[in-house]
Amino acid sequence: MTYAKAIGNGYPAACFAGTDEVMSVLPDKVSHGGTYAGNRVAAAAVVATLKILRDTDALASIHQVGRALQAGLAEVISERGLPYVFTGHPAMFGIMFTETAPNEYRDWANSDHDLYDAVAMGMHARGAMPEPDSREPWFICEAHAREDIVDRVVSIFADSLDAALESRAAGANDHHFLGMGTGEHVAATPTS
């Protein structure tokens with residue numbers, strides 16, 4: 001098994017594990033090293049994350065939030081008569097404006113990714129930060145399980161979707177609007 005940075009809640013950490021037979025070749029027959037090997041902060045993050053996963057209902061909470069978000073978003077999108085599919089797991093899902101679920105990476109090209117981009121940028125401007133690239137998932141964390149976050153995100157999504165559709169109807173069919181409504185078009189500058 002291999003685990004990447006999620007094991008440390010995003011810190012630069014990774015690990016691998018195996019049966020006694022597989023692991024017995026370390027370190028005598030197989031050498032292992034890594035850029036962050038021995039990073040005490042990352043190791044502390046891993047220990048803290050594993051304790052949280054063991055001792056709390058964090059995974060159930062983020063699954064519930066993801067399902068609630070999907071239900072709210074589905075209602076908003078369906079009310080507007082748009083085709084869509086959710087991809088991935090409820091705690092790490094994506095949205096594609098398309099009628100057919102993707103079977104491979106290239107199927108993204110058949111989705112309305114320009115609409116997604118405009119909605120995502122509109123959401124950023126309104127205070128929610130979904131993944132700005134429709135090929136990537138929205139990551140849900142336990143902090144999202146607090147207060148009225150689902151309702152707020154769904155409301156921001158609805159406002160951003162409406163503004164993006166309004167902008168599109170007004171002829172703003174390029175990548176330079178943020179889904180903020182007619183007359184409020186702002187050039188989007190990608191950040192990395």
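Let me begin with two neighbouring strands, β4 and β5, which pair in the antiparallel sense over two bridges. Please keep in mind throughout that what we are looking at is a predicted model. Within this pairing, phenylalanine 93 has tryptophan 138, in β5, as its bridge partner. The sheet itself is an open one of three strands, in the order β3-β4-β5 and with antiparallel pairing. Because β3 and β5 stand at the edges and have a single partner strand each, one side of each of them is left without a neighbour in the sheet.

Let me step back for a moment to the whole chain. The protein has five helices and five strands, and reading along the sequence you meet them in the pattern β-β-α-α-α-β-β-α-β-α. Of its 192 residues, 32% are buried, and among the contacts with a separation of 6 or more, 50% are between residues 24 or more positions apart.

Now to the aromatic rings, where a search of the whole structure finds three pairs. What is the geometry between phenylalanine 86 and phenylalanine 93? Their ring centres are 5.6 Å apart and their planes stand at 90°, and planes over 60 degrees apart count as edge-to-face, so this pair is edge-to-face. Phenylalanine 86 is partly exposed, with a relative accessible area of 25%, whereas phenylalanine 93 is buried, at 0%.

Phenylalanine 93 also forms an aromatic pair with tryptophan 138, and this one is tilted, with 5.4 Å from centre to centre and 35° between the planes. Since phenylalanine 93 lies in β4 (residues 92-96) and tryptophan 138 in β5 (residues 138-139), the pair ties together parts that are 45 residues apart in sequence. Taken together, ring pairs link Tyr84, Phe86, Phe93 and Trp138 into a cluster.

Let us stay with tryptophan 138, which is buried, with a relative accessible area of 6%. Leaving aside residues up to four places away in sequence, the residues that tryptophan 138 touches include Leu73, Phe93, Ile95, Met123, Val153 and Phe157. In the largest nonpolar core, which has 28 residues, Trp138 is one of those that touch the most other members, together with Leu69, Ile95, Met123, Phe157 and Leu161. The elements giving two or more residues to this core are α3, β4, α4 (113-125) and α5, and α5 gives the most, with nine residues.

A different arrangement involves another tryptophan: arginine 135 lies over the face of tryptophan 108, at 4.3 Å from the ring centre.

Finally, let us turn to helix α3. How far apart should the ends of its 22 residues be? At 1.5 Å a residue, α3 (residues 58-79) should span 32 Å, and its end C-alpha atoms are 32 Å apart, so the expected span and the model agree.

The buried residues of α3 include Ile62, Val65, Leu69, Leu73, Val76 and Ile77. As you look at that list, it helps to recall that an α-helix has 3.6 residues a turn, so residues three or four places apart point the same way. Which elements cover the buried residues of α3? Among them are α2 (40-55), β3 (85-89), β4, β5 and α5 (149-169). After α3 comes glycine 81, whose phi is positive, near 70°.

Methods: Residues are numbered from 1 along each chain as its sequence is written. This is a predicted model: local features need pLDDT of at least 70, side-chain atom pairs count only at pLDDT 80 or more; totals for chains, interfaces and linings use all residues. Side-chain values use heavy atoms; hydrogens and water are left out. Rings of Phe, Tyr and Trp (its six-membered ring) pair if their centres lie within 6.5 Å; planes under 30 degrees apart count as stacked, over 60 as edge-to-face and the rest as tilted. Buried means under 20% relative accessible area, exposed over 50%, partly exposed in between (1.4 Å probe, protein chains only). Helices (H or I, at least four residues) and strands (E, at least two) are DSSP runs, numbered from the N terminus. A charge sits over a ring if NZ of Lys or CZ of Arg is within 6 Å of the ring centre and within 35 degrees of the ring normal. The expected span of a helix is 1.5 Å times one less than its number of residues. Contact means heavy atoms within 4.5 Å. Two strands pair if DSSP finds at least two bridges between them. A nonpolar core is a set of buried Ala, Val, Leu, Ile, Met, Phe, Trp, Tyr and Cys residues joined through side-chain atoms within 4.5 Å.
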